[in-house]
Amino acid sequence: MRFQNPSPPFTILFTFLPPLLLGLTPLAAQPLGISARALDALLQNYAFKSMDRPKTGVPYDAGLPENLAGIGASAMRLRSGSLRTRGVRSYREFRIPTGVIEQPYAKRVVLVYHNLGNWSSLFYPLPGFDYLGPVLGLLGYDASNLSATDLPELEIRASEKPISISFPNFAEKNPNSSPSPRCVFFDLQGSVEFEEVSPGNVCNVFKQGHVSIVMESGAPGPGPGPEPWGAASGHGKGRGRDRSKGWKIFGSLIGVLVLMGLVVLAVLRVKEYKNERRKKEKEEEVKRRSGRGGEGEGEALEITSFGNIRAPFATVTRTQPVLEDHYVP
């Protein structure tokens, strides 16, 4: 007797697996599961890749994957001596004065710029405050090896005048508003500092890190600016993209649950199939052996179930029992 193999349970799984994996891609690569410091290293890797035979003092935008949409990064290579004696007149929203030094010393320095756009409050949550502008960052790295990844930051400090960061994309503060917007600075060690906003919506810092402008939650804002924050740099895409990302995450979660269910069903079906096949093979073996009575001919035994057990069963007996007393003389 031959057994016809049932349809492999994995056929169903492989039918649905490719589209499910495509749906899982946004979730697997979402930046929500990484820390702000891990994001710094990730942006450094992409920023360095953007510099192919770079020119000194020229910014190069980093090509970021789709799951980091809304975040901007760029890199600029400078000579250490030029950075100290000339500064940088304008690097995105940053203006670097003379007298900036790095520790430890590096002959050439790469300044990596960050604009976290609509992800600002996710990577730098600040309870009790609302962001009025994106979180901007500027970190320095040794430029001796542009193919290096996960490099430690240099310590960049302004020794004379502060590094200034302008936030042009929200309206000038109302001097009569209370409380007033404030600059917030996040250093690389995790501490948070607040300072007054300088005229022209400018924040001043003396060391590298991340900075933005905030206002206490519930306080009346200064009014809408000329355009949504993050739009001028091209890194923010508004609330519509946020909603789209939310639906992608929700759809990916559903995909994970469906995939897990299919895997469990496939495993159970395989076990059931193996057990069923093993039982049928045993039944066939018993039938073959029971048919070899005497000289190879005999009567096949029927298979009967006793509870959960299936075993051969003889409906009649060939030899009638005889009492031993009949042979006593």
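**Figure 1. Strand 4 meets strand 10 in this predicted model.** Here we look at strand 4, residues 94–96, beside strand 10, residues 163–166. The two pair in the antiparallel sense, and two bridges hold the count for this pairing. Phe-94 has Ile-165 as its bridge partner in strand 10. Arg-95, in turn, is matched with Ser-164 of strand 10. As a reminder for newcomers, strands of a sheet pair through backbone hydrogen bonds, and the pairing can be parallel or antiparallel.

**Figure 2. Strand 10 also pairs with strand 13.** This view follows strand 10 to another partner. Strand 10 and strand 13 run antiparallel and are joined by four bridges. Ile-165 turns up again here, standing opposite Cys-203 in strand 13. So which residue of strand 10 is the bridge partner of Phe-94? That is Ile-165 once more.

**Figure 3. Stepping back, the sheet has four strands.** Reading across this open sheet, the order is 3-4-10-13, and the pairing is antiparallel. Which strands sit at the edges? They are strand 3 (88–91) and strand 13 (202–205), each of which pairs on one side only. Leaving direction aside, neighbouring strands of the sheet are turned against each other by 20 degrees on average.

**Figure 4. Arg-37 and Asp-40 form a salt bridge within helix 2.** Their side chains meet with an N to O distance of 2.7 Å. Because the two residues are three apart in helix 2 (residues 36–49), about one helical turn separates them. Are these two buried or exposed? Arg-37 is partly exposed, with a relative accessible area of 36%. Asp-40 is buried, since its relative accessible area is 2% and the cut-off for buried is under 20%. In general, side chains of opposite charge can pair when their charged atoms come close.

**Figure 5. Arg-37 has another salt-bridge partner, Glu-153.** The side chains of Glu-153 and Arg-37 meet at 3.1 Å, N to O. Glu-153 lies in the loop between strand 8 (136–142) and strand 9 (155–158), while Arg-37 is in helix 2, so this pair ties together parts that are 116 residues apart in sequence. Glu-153 is partly exposed, with a relative accessible area of 23%.

**Figure 6. Lys-280 and Glu-276 pair up along helix 5.** In this salt bridge, the closest N and O atoms are 3.4 Å apart. Both residues lie in helix 5, four residues from one another, or about one turn of the helix. Lys-280 counts as partly exposed at 34% relative accessibility, and Glu-276 is partly exposed too, at 39%. Back at the earlier site, salt bridges with shared partners join Arg-37, Asp-40 and Glu-153 into one network. The count of salt bridges comes to eight.

**Figure 7. A nonpolar patch lies on the surface.** Which residues make this patch? Phe-250, Ile-254, Leu-257, Val-258 and Met-260 do, and the patch covers about 490 Å². One of them, Leu-257, has its place in helix 5, which spans residues 238–290. Leu-257 counts as exposed because its relative accessibility is 57%, and the cut-off for exposed is over 50%.

Key:
Residues are numbered from 1 along each chain as its sequence is written. This is a predicted model: local features need pLDDT of at least 70, side-chain atom pairs count only at pLDDT 80 or more; totals for chains, interfaces and linings use all residues. Side-chain values use heavy atoms; hydrogens and water are left out. Two strands pair if DSSP finds at least two bridges between them. Axes are lines fitted to C-alpha atoms, for helices over the stretch in contact, and angles run from 0 to 180 degrees between N-to-C directions. Patches are made of residues with over 30% relative accessible area and no salt bridge: like charges are joined within 9 Å, nonpolar side chains (Val, Leu, Ile, Met, Phe, Trp, Tyr) within 5 Å. Accessible areas come from the Shrake-Rupley method with a 1.4 Å probe; for residues, only the protein chains shown count as cover. A salt bridge is a side-chain nitrogen of Lys or Arg within 4 Å of a carboxyl oxygen of Asp or Glu. Buried means under 20% relative accessible area, exposed over 50%, partly exposed in between (1.4 Å probe, protein chains only).
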